[in-house]
Amino acid sequence: MDYQSFKMKLVEMVQKEISESVEISLERIPKNNGIYMEGIVFSRRGENTSPVIYVEEYYQYWKKGVSMEKLVEKR
């Protein structure tokens with residue numbers, strides 16, 4: 001599975017695991033020095049903060065053999 005397919009599958013699986021009141025989106029987020037990272041953004045209506053999980057790190061874990069199910073498992 002390539003990176004693009006991995007991102008879409010990860011978002012799909014995360015969406016199934018979280019509350020319906022939480023919206024998720026995949027976004028390019030600007031970091032320092034003109035660098036952008038892709039992350040899954042979790043947001044709720046009426047809240048000003050949104051946690052982000054950066055996808056690249058999870059892709060590296062998956063490439064090393066960690067299952068998709070383990071990556072999205074609730075802790």
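I began with the aromatic pairs and counted four of them in this predicted model, taking rings of Phe, Tyr and Trp (its six-membered ring) as paired if their centres lie within 6.5 Å, with planes under 30 degrees apart called stacked, over 60 edge-to-face and the rest tilted. For Y3 and Y59 I found ring centres 5.0 Å apart and planes at 65°, so I entered the pair as edge-to-face. Y3 sits in helix 1 and Y59 in helix 2, 56 residues apart, and the pair thus links distant parts of the chain; helices here are DSSP runs of H or I with at least four residues, strands are runs of E with at least two, and both are numbered from the N terminus. I then noted that Y3, F6, Y59 and W62 form one aromatic cluster.

Before going on I wrote down that residues are numbered from 1 along each chain as its sequence is written. I also noted that local features in this predicted model need pLDDT of at least 70 and side-chain atom pairs count only at pLDDT 80 or more, while totals for chains, interfaces and linings use all residues, and that side-chain values use heavy atoms, with hydrogens and water left out.

Next I looked up burial, where buried means under 20% relative accessible area, exposed over 50% and partly exposed in between (1.4 Å probe, protein chains only). Y59 counts as buried at 11% relative accessibility.

I turned to the largest nonpolar core, a set of buried Ala, Val, Leu, Ile, Met, Phe, Trp, Tyr and Cys residues joined through side-chain atoms within 4.5 Å. Of its 15 residues, F6, L10, V14, I24 and I40 touch the most other members. Two or more residues come from each of helix 1 (3-17), strand 2 (36-43), helix 2 (55-63) and helix 3 (68-72), and helix 1 gives the most, with six residues. Counting heavy atoms within 4.5 Å as contact and leaving out residues up to four places away in sequence, I listed V11, V14, Q15, I18, I40, V41 and F42 as touching I24.

M13, in helix 1, is buried at a relative accessible area of 13%. Beyond its neighbours within four places in sequence, M13 is in contact with M68, E69 and V72, and its C-alpha atom is 9.5 Å from that of L71, 58 residues apart along the chain.

I then searched for salt bridges (a side-chain nitrogen of Lys or Arg within 4 Å of a carboxyl oxygen of Asp or Glu) and found five in the whole structure. K7 and E38 meet in one of them, at 2.7 Å from N to O, and this pair joins helix 1 to strand 2 across 31 residues. K7 is buried at 4%, whereas E38 is partly exposed at 23%. In helix 1, K16 forms a salt bridge with E12, their closest N and O atoms being 3.7 Å apart, and the two residues lie four residues apart, about one turn of the helix. K16 is exposed at 64%, while E12 is partly exposed at 39%.

Last, I checked the strands, which pair if DSSP finds at least two bridges between them. Strand 1 (residues 23-30) and strand 2 run antiparallel and are joined by eight bridges, and E27 has G39 in strand 2 as its bridge partner. In their hairpin, with five residues between the strands, I noted that N33 takes a positive phi near 60°.
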